[in-house]
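Trainee: Got a minute to go through a model with me? I'd like to take the residues and the sheets in turn.

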Amino acid sequence: MFPPTIYAEQVEAGDGEERIRIWATANGTAKSWTSRRTLDPRQFTITFRQEVSAPPVAAMGGTWKIEPLSATRCRIRLLHDYRAIDDDPDALRWIDEAVDRNSRSELAALRANVEAVVADDGLSFSSEDTVRVDGSAKDVYYFIHEAGAWEQRLPHVARVTLTEATPGLQELEMETRARDGSTHTTGSYRVTLPYHRIAYKQVTLPALMNLHTG
């Protein structure tokens with residue numbers, strides 16, 4: 001739903017509280033952090049505080065506030081407080097820009113998605129394929145994890161570039177051959193969770209798609 005978010009998972013859940021881990025982009029750079037959230041459905045608020053922040057952020061928190069305006073309309077405000085490591089002014093400017101860009105993007109996406117759900121526009125689709133493999137789960141995981149070798153291993157892959165500046169967070173660019181011989185290029189972020197899951201989000205999309213995750 002949120003353009004900056006690559007992947008998110010709930011780590012813990014309790015009575016009105018949860019811990020989540022998020023992988024997302026900030027100013028075009030992929031980051032990961034863990035946050036604790038307090039959920040108050042009576043006040044229509046969700047407060048959050050990062051437990052483990054990603055540099056250059058030293059600390060960050062805030063609140064989602066949903067304010068009813070009528071039976072069918074509401075105002076949503078997204079508030080932040082934060083500081084930079086060593087109070088570095090350049091780092092603080094970087095955080096200012098990232099928070100402003102991501103907040104505007106998330107608020108716009110929240111509005112668009114909620115209104116689409118209410119309208120039931122049927123624009124989102126999901127699919128699932130299953131294959132049984134005569135081999136260990138660990139071996140299959142590493143085959144998918146080592147996408148840099150796909151050009152040699154998979155006939156439909158014409159070119160691939162894989163980088164992993166942060167362990168467990170990959171950036172993948174791939175040129176794929178179609179049945180008619182044409183090629184198209186996609187770019188993805190991938191979150192690798194040994195040895196059971198690799199989640200991806202395409203950020204350079206093929207024609208006709210405006211979202212592709214899996």
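Trainee: Where is the place of Ser188?
Mentor: Ser188 is in strand β9. Strands here are DSSP runs of E with at least two residues, helices are runs of H or I with at least four, and both are numbered from the N terminus. Keep in mind that this is a predicted model: local features need pLDDT of at least 70, side-chain atom pairs count only at pLDDT 80 or more, and totals for chains, interfaces and linings use all residues. Residues are numbered from 1 along each chain as its sequence is written, and side-chain values use heavy atoms, with hydrogens and water left out.

Trainee: Is Ser188 buried or exposed?
Mentor: Ser188 is buried, at a relative accessible area of 7%. Buried means under 20% relative accessible area, exposed means over 50%, and partly exposed is in between, with a 1.4 Å probe and protein chains only.

Trainee: What does Ser188 touch?
Mentor: Not counting residues up to four places away in sequence, Ser188 touches Gln170, Glu171, Leu172, Lys201, Gln202 and Val203. Contact means heavy atoms within 4.5 Å.

Trainee: And how many residues of β9 are buried?
Mentor: 8 of its 11, so to speak of β9 as mostly covered is fair.

Trainee: Which sheet is that strand in?
Mentor: An open one of 4 strands, in the order β7-β8-β9-β10, with antiparallel pairing. Two strands pair if DSSP finds at least two bridges between them. β7 (157-166) and β10 (197-204) are the edge strands; each has a single partner strand, so one side of each lacks a neighbour in the sheet. Direction ignored, neighbouring strands are turned by 25 degrees against each other on average.

Trainee: How many bridges between β8 and β9?
Mentor: β8 (residues 169-177) and β9 (residues 183-193) are paired antiparallel over 9 bridges. Glu171 stands opposite Tyr189, and Glu175 stands opposite Thr185. The two strands form a hairpin with 5 residues between them, and Gly181 in the turn has a positive phi of about 95 degrees.

Trainee: What about β9 and β10?
Mentor: They run antiparallel, joined by 7 bridges. Thr192 in that pairing stands opposite Ile198 in β10. This hairpin has 3 residues between its strands.

Trainee: Which helix lies across β7, β8, β9 and β10?
Mentor: Helix α2 (residues 137-145), running at about 135 degrees to β9. Axes are lines fitted to C-alpha atoms, for helices over the stretch in contact, and angles run from 0 to 180 degrees between N-to-C directions.

Trainee: Switching topic. What is the order of the sheet of 6 strands?
Mentor: β1-β2-β3-β4-β5-β6, an open sheet with antiparallel pairing. β1 (5-13) and β6 (74-84) are at the edges with a single partner strand each, so each has one side without a neighbour in the sheet. From one strand to the next, the twist averages 20 degrees.

Trainee: Which helix packs on it?
Mentor: Helix α1 (residues 89-119), which touches β2, β3, β5 (57-68) and β6, and whose direction makes about 160 degrees with that of β6.

Trainee: And which residue is the bridge partner of Ile22?
Mentor: Trp33 in β3. Strand β2 (residues 17-26) and strand β3 (residues 29-40) pair antiparallel over 10 bridges.

Trainee: Last one: where does Ala58 lie?
Mentor: In strand β5. Ala58 counts as partly exposed, at 29% relative accessibility. Its C-alpha atom is separated by 4.9 Å from that of Ala84, 26 residues apart along the chain. Leaving aside neighbours within four places in sequence, Ala58 is in contact with Ser53, Arg83, Ala84 and Ile85.
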